[in-house]
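Hi,

Here is the structure I said I would pass on. Please open it before you read the rest.

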Amino acid sequence: MIELILGNSSKRFSGVTSTFLQVLSRQQDLASVVVFGRGRPEITVPVWGWARTLCYLWRHRKSAPVFHARRNDEMIQALILRFLTGAEMKILFTSTAQRQHTGFSRWLMSRMDSVITTCEPAAAYLRIHRGADKLIPHGVDTSRYTPSKESKEQQLQALGIAAKQAVGIFGRVRLSKGVDILIESMIPVLRQLEEVTVVVVGECLPKDDSFRRKLQGTLRNAGLEDRVLFLGKQPYKKIPALIRAMSVVTALSRSEGFGLTVLEAMASGVPVVTSEAGAWKDIVRHGTDGFVCPTGEAKEVSIALSKLLKDQDLAERMGCSGRERVLSCYTIEREAEMLTDHLLSLRQMNH
């Protein structure tokens with residue numbers, strides 16, 4: 001008997017996809033799960049399309065699974081499935097957006113049986129409309145994202161990066177992710193520290209290509225173009241090694257839903273420098289796990305990065321503190337258990 005249906009409607013790998021995959025790796029041990037929508041090589045449970053899902057829900061109208069949606073189109077799909085089959089299927093939506101929701105999004109959420117969120121800033125926007133039933137923060141796989149005993153230089157060499165230290169940023173190359181803030185903040189640092197390289201990991205869509213070219217032009221004018229590597233989209237399996245090889249991981253978004261990369265870096269024993277976007281003010285203990293800088297303030301970011309790159313003992317202490325922070329509060333096991341318990345409690349309402 002299937003207990004949970006997990007929506008996966010996007011073909012693009014994103015932070016939502018990463019969260020979905022990491023939770024699924026633990027959730028499948030806690031409940032009987034199928035995925036509705038798009039398959040991926042990393043998915044290890046059955047993936048159902050419309051026909052099979054409709055047939056199952058029709059046959060099990062009185063004992064239907066709970067559908068978990070993380071995107072608007074997944075809410076729409078779940079509502080259609082319920083309407084067409086008449087199944088007594090509960091639908092849960094996870095909202096991470098830290099912005100005013102559109103009227104259509106609010107209407108969709110009003111049709112949900114439960115809405116949860118991942119952090120207080122996102123919950124604040126929900127309170128305007130219906131409020132969150134539960135706050136369940138994201139977690140990460142601390143066996144996948146773990147520190148390395150090798151030196152940073154050895155790890156970078158293994159990845160084909162010729163540098164002693166690297167500052168990384170992970171995510172789509174676009175204005176909202178603050179890649180330009182990192183470049184601006186690193187120009188004076190790169191001039192001081194010749195052994196440091198900046199590594200930008202993430203896809204750049206055609207619509208953002210002019211943004212990337214402008215950044216490369218800035219670097220070229222500064223004579224530092226060869227000190228910043230744009231690696232583009234990287235395989236999912238390669239991301240942990242890239243993160244743990246960094247001396248510092250930055251997350252400088254102007255706006256963010258949650259921001260999983262920060263937890264992945266902290267779990268890897270890497271200190272972080274973030275903006276105040278997303279859940280980062282809640283997660284990162286400023287001055288203990290890393291530095292939280294005012295959003296958009298390149299000068300503050302530059303100072304923080306310079307401190308960490310020049311003082312390896314400080315960087316190591318902060319990296320260790322960040323790892324302990326994740327182990328105590330933000331593991332994937334904790335998220336999966338809390339989420340599955342809540343989902344199954346909705347299903348029990350049918351019986």
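Below is what I found, going from the whole chain to one helix.

Please keep in mind that this is a predicted model.

The overall fold comes first. The chain holds 14 helices and 13 strands. Its C-alpha trace spans about 65 × 40 × 35 Å along the principal axes. The radius of gyration is 21 Å, which agrees with the value near 20 Å that a compact globule of 351 residues would have. Buried residues account for 57% of the 351. Of the contacts between residues at least 6 apart in sequence, 68% link residues at least 24 apart.

Next, the surface and the charges. About 15,300 Å² is exposed, and carbon and sulfur atoms supply 49% of that area. There are 48 positive side chains and 36 negative ones. The centres of the two sets are 6 Å apart.

Now for helix α8. It covers residues 209-221, 13 in number. From first C-alpha to last, α8 reaches 18 Å, close to the 18 Å expected at 1.5 Å a residue.

Which residues of α8 are buried? They are F211, L215, Q216, G217 and L219. An α-helix has 3.6 residues a turn, so residues three or four places apart point the same way. The cover over the buried residues of α8 includes helix α7 (179-192) and strand β10 (228-232). After α8 comes G223, with a positive phi near 70°.

Best wishes

Definitions and conventions: Residues numbered from 1 in each chain as written. Predicted model: local features only at pLDDT ≥ 70, side-chain atom pairs only at ≥ 80, totals over all residues. Heavy atoms only, no water. Helix = DSSP H or I, 4+ residues; strand = E, 2+ residues; numbered from the N terminus. Expected span 1.5 Å × (residues − 1). Buried < 20%, exposed > 50% of the residue type's maximum accessible area, 1.4 Å probe, protein only. Contact = heavy atoms within 4.5 Å. Rg over C-alpha atoms; globule rule 2.2 N^0.38 Å. Areas by Shrake-Rupley, 256 points an atom, 1.4 Å probe, with all protein chains shown as cover. Lys, Arg positive; Asp, Glu negative; His and termini not counted. Charge placed at Lys NZ, Arg CZ, Asp CG, Glu CD.
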